[in-house]
Amino acid sequence: METYGLEALGIINASAVYRNLTPAQLTEHALRRGEGKLSNTGALVVKTGKYTGRSANDKFIVDTPAVHDEIAWGKVNRPIEKAKFEAIRSKVVAYLQNKEIFIFDGFAGADPKYTQSFRIVNELASQNLFIHQLLRRPTAEQLENFSPDYTIIAAPGFKCIPEIDGTRSEAAILVDYEEKLVVICGTQYAGEIKKSVFSVMNYVLPKMGVFPMHCSANIGKDGGSAVFFGLSGTGKTTLSADPNRMLIGDDEHGWADDSVFNFEGGCYAKCINLSPEGEPEIYNAIKFGALVENVVMDDETRAFDFDDDSLAVNSRVGYPVEYIPNAELSGMSPSVPKTVIFLTADAYGVLPPISKLDKNQAMYYFVSGFTSKVAGTEIGITEPVPTFSTCFGEPFLPLDPSVYADMLAEKVEKSGANVYLVNTGWNGTGKRMKLSYTRAMVTAALTGAIEQGEFVTDPTFGVQVPTAIEGVPSELLIPENTWEDKEAYKASCKKLAESFNENFKKYTHMSAEVVAAGPKAE
């Protein structure tokens, strides 16, 4: 039996080893093994059990002398001793003995100058299908000469014992950057594999002069590219899916000196409340070859109920990018971005719906990664709560935030890109900004039309606010105009500004100029 070099990982005596099977073959294996069921659209549907999202508290980085001084240690990047990592790894590979093993050998990074090769070793056929569709798939020739830069072992059936293994729970995501190995166990949520690849790229690419980004990206008919940063619920996927532009990717990209490129070959979209009217591209991508996680399905008709969140609010589907019409299948743009958009959803109603940032402001708002949690989204939240995720991707950044902020500034300066902060949230009327208005503002930024008009300076946030945009009522562009109670407006400005400033105190490696670019709470 061909084992494709698994012995080098300590995995021996497998009952069968399968490498780079087709989606049809992997679907057949998953059904045979009882991992899931087929929907009426042909998609493979699985339940991931206890873990229906990333388990952020269970992620660790192996602390070795070779990487110790590079990692930004803290609540996100928790250290684990090499000896404890080795002990868990030994148990995982022993657990995999006498089991079927599914291997996917593929790539992250569409630009061949910066591609990293990954070997994914799976206990489950369904997870192997997922990563086959999410990463970039090799040609037969590439597969023949394949040599992995990094290896990920995913064994959800192995449960850690915290008291013995030094973990926080039965699940663990362990990253050894020196050994170029990731071990994932105890959780079946496929997003852990995808985001482990992303965490590796965020470590590797800055050393190659490439700025790694948690963003979506698209290309206009003139060949100009744009990137969209934003946390969940701010419109990153929706606004980058533009019928007049080609989608490069919806989540993870690199900005090199001469290109912007997708890390992935697929998409991992939320399914809750999905409808053919609201998001037809995602809805129509749920077909044979896609992996659906934690969506309620009728046992008889095999029809989905996307509104039922009894299995998970974070229900998901993974599918290859070619399932999306208007996708740039090369995964890259031959031009660097000319427009950078930070998306936020401000529930205080005080951030302008669109504003232009200078270099220091761009670094400040990028590092802050702000949006709001709103009432009803989580138990106990009764009024807007500001939330910050460093560089719009805090859980996946092993290096100090200043590294990524400096790269943003350098790339923007070299390309001459304009940077805009777009608030898709609320204003003083208590209503959320209409999507049609936001699209008009984003289009004005992408075409350059916004630069033809006048700007005024926001007194609290210091950003430049346009006074007129075609298709948008002018009174909505200046937040204060939407508030009847001007004193309440000023109080809300002060409250949000104080939150920004308090959050920014933890970034101890940022320059005084960047710190000064933040909002004024007076």
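Which side chains meet in a salt bridge at 2.7 Å, N to O? I will start with that pair and then go through the sheets and one helix contact. Keep in mind that this is a predicted model.

The pair is lysine 194 and glutamate 264, whose side chains form the salt bridge, with 2.7 Å from N to O. Lysine 194 belongs to helix α6, residues 191–204, while glutamate 264 sits in the loop between β15, at 260–262, and β16, so the bridge ties together parts that are 70 residues apart in sequence. In total, the structure holds 29 salt bridges.

Now the sheets. β16, which follows that loop, is part of an open sheet of 5 strands. The order there is β2-β3-β17-β20-β16, and the pairing is mixed. At the edges stand β2, residues 37–38, and β16, residues 266–270; each has a single partner strand, so one side of each is left without a neighbour in the sheet. Further in, strand β3, residues 44–46, pairs with strand β17, residues 291–293, in the parallel sense over 3 bridges. If you want one residue pair to look at, leucine 44 has leucine 291 of β17 as its bridge partner.

There is also an open sheet of 8 strands, again with mixed pairing. Reading across, the order is β1-β6-β7-β8-β10-β9-β4-β5. β1, at 16–19, and β5, at 78–81, are the edge strands, and each pairs on one side only. On average, neighbouring strands of this sheet are turned by 25° against each other, with direction ignored. Within the sheet, strand β4, residues 59–63, and strand β9, residues 172–176, run parallel and are joined by 3 bridges. Here isoleucine 61 has valine 175 of β9 as its bridge partner.

Last, the helix contact. Two packed helices are described by the angle between their axes and the distance between the axes. For helix α9, residues 359–368, and helix α10, residues 401–415, the angle is about 140° and the axes are 10 Å apart. Roughly antiparallel would need an angle over 145 degrees, and α9 and α10 are therefore oblique to each other. The crossing of α9 past α10 is right-handed. On the α9 side, the contact is made by Lys359, Ala362, Met363, Phe366 and Val367. On the α10 side, Pro401, Tyr404, Ala405, Asp406, Leu408, Ala409 and Glu413 take part. By class, the residues of this contact are 9 nonpolar and 3 charged, with no polar ones.

Conventions. Residues are numbered from 1 along each chain as its sequence is written. This is a predicted model: local features need pLDDT of at least 70, side-chain atom pairs count only at pLDDT 80 or more; totals for chains, interfaces and linings use all residues. Side-chain values use heavy atoms; hydrogens and water are left out. Axes are lines fitted to C-alpha atoms, for helices over the stretch in contact, and angles run from 0 to 180 degrees between N-to-C directions. Helices (H or I, at least four residues) and strands (E, at least two) are DSSP runs, numbered from the N terminus. Angles under 35 degrees count as roughly parallel, over 145 as roughly antiparallel, 65 to 115 as roughly perpendicular and the rest as oblique. A crossing is left-handed if the near helix is turned anticlockwise from the far one by less than a right angle, and right-handed if clockwise. Contact means heavy atoms within 4.5 Å. Ala, Val, Leu, Ile, Met, Phe, Trp, Tyr, Cys and Pro count as nonpolar, Asp, Glu, Lys and Arg as charged, and the others, Gly among them, as polar. Two strands pair if DSSP finds at least two bridges between them. A salt bridge is a side-chain nitrogen of Lys or Arg within 4 Å of a carboxyl oxygen of Asp or Glu.
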